[in-house]
Amino acid sequence: MADITARIDTVHKLESVIKAMRGIAASRVQEANQHLQSVRSYAATIGTGISQVLARVPPADERPNGEGHAVVVFAAEQGFAGGFSDRVFDHVARQFDAKDTLFVVGDRGVSEAVERGWPLGWQAPMVSQPALALGLATRLTDVLFERLAAGAFGSISVVHAAPAAGGADIHVDRLVPFDFDRFPAADDGDALFSLSPTVMLESLVQEYVFAQLAEAALLSFAAENEARMRAMIAAQDNTAETLAQMVATSRQLRQEEITEEILELAVSGLAQS
């Protein structure tokens with residue numbers, strides 16, 4: 001009886017931890033969605049600028065210096081998220097070649113890549129809060145374009161999860177070569193350019209890629225926390241079932257103790273008579 005009582009107390013404490021983790025995950029998803037709106041608004045502004053510059057100068061048709069391919073993979077940073085990172089890397093395995101250079105974000109993703117025997121070209125921890133996503137995207141953009149200019153590779157793709165009904169969808173987007181067809185040339189009116197259109201277009205392209213990476217980071221962050229919420233809901237159900245079984249066992253043991261006490265009293269009374 002003492003053992004089952006101690007176990008019930010432990011399960012109650014575990015239940016409190018699970019509820020707290022679920023609440024934190026839900027809060028992070030909401031916060032990520034708020035930052036996501038700002039990033040998308042910024043990307044739309046940069047897209048308008050690209051359209052205006054394209055009215056002055058067509059995009060340069062230059063071949064990349066390198067022949068390889070870089071794949072940026074956003075994975076989980078922490079545990080209790082089910083098979084979140086497994087799903088992302090299963091998609092990478094289907095879409096890309098083992099010779100591609102992996103840029104992995106998320107400690108769980110790094111472990112997953114190492115277990116699969118994939119070499120890493122760059123790695124970084126996933127952000128712990130949405131406000132840090134811009135800093136991560138800045139570092140990642142700088143590294144990618146430095147290596148791109150040095151000829152380490154000639155194209156870049158990004159793989160990330162995004163929240164979806166009933167789970168997470170895995171998205172693959174091409175960053176480089178840049179798709180200018182998405183931005184039809186627009187009349188820029190009397191806009192004044194402080195830089196040459198060619199230089200400005202290069203800068204705007206890099207800013208747009210930065211916005212894409214920031215959006216991917218935020219979507220992945222939200223999807224990871226949604227996966228954690230679902231895992232915590234399942235854990236709560238299991239905990240409730242376990243607790244119900246333990247309480248039933250406790251009541252049965254208590255009833256047996258009462259029955260034993262009654263029998264002892266009855267036997268004692270008979271002996272005295």
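Biologist: What makes the side chains of H160 and D173 a polar contact?

Modeller: This is a predicted model, and in it the two side chains come to 3.4 Å. The cut-off for a pair of N or O atoms is within 3.5 Å, so the pair counts as a polar contact.

Biologist: Why is H160 called buried?

Modeller: Its relative accessibility is 4%. Buried means under 20%, so H160 counts as buried. H160 sits in strand β4, and the residues it touches, leaving out those up to four places away in sequence, include F74, I170, A216 and L219.

Biologist: Which residues line the second largest pocket?

Modeller: H160 and D173 are both among them, along with V158, H171, R174, Q212 and E215. The elements giving two or more residues each are β4 (155-164), β5 (167-176) and α5 (197-272). Of the elements, α5 gives the most, with 4 residues.

Biologist: How many residues of each class are in that lining?

Modeller: There are 5 charged, 3 polar and 3 nonpolar residues. The space inside comes to about 160 Å³.

Biologist: Okay, over to helix α4. How do you know what span to expect for its 17 residues?

Modeller: You take 1.5 Å times one less than the number of residues, so the expected span is 24 Å. From first C-alpha to last, α4 (residues 133-149) reaches 24 Å, close to that expected value.

Biologist: Which residues of α4 are buried?

Modeller: Among them are A133, L136, L140, F145 and L148. After the helix comes G151, with a positive phi near 85°.

Key: Residues numbered from 1 in each chain as written. Predicted model: local features only at pLDDT ≥ 70, side-chain atom pairs only at ≥ 80, totals over all residues. Heavy atoms only, no water. 1 Å grid on protein atoms, 1.4 Å probe; cavity = no way out; pocket = protein on both sides within 12 Å on 5 of 7 lines; lining within 4 Å. Points joined across faces, edges and corners; volume = space filled by probe spheres on them. Nonpolar A, V, L, I, M, F, W, Y, C, P; charged D, E, K, R; others polar. Buried < 20%, exposed > 50% of the residue type's maximum accessible area, 1.4 Å probe, protein only. Polar contact = N/O pair within 3.5 Å; in protein donor to acceptor, adjacent residues only side chain to side chain. Contact = heavy atoms within 4.5 Å.
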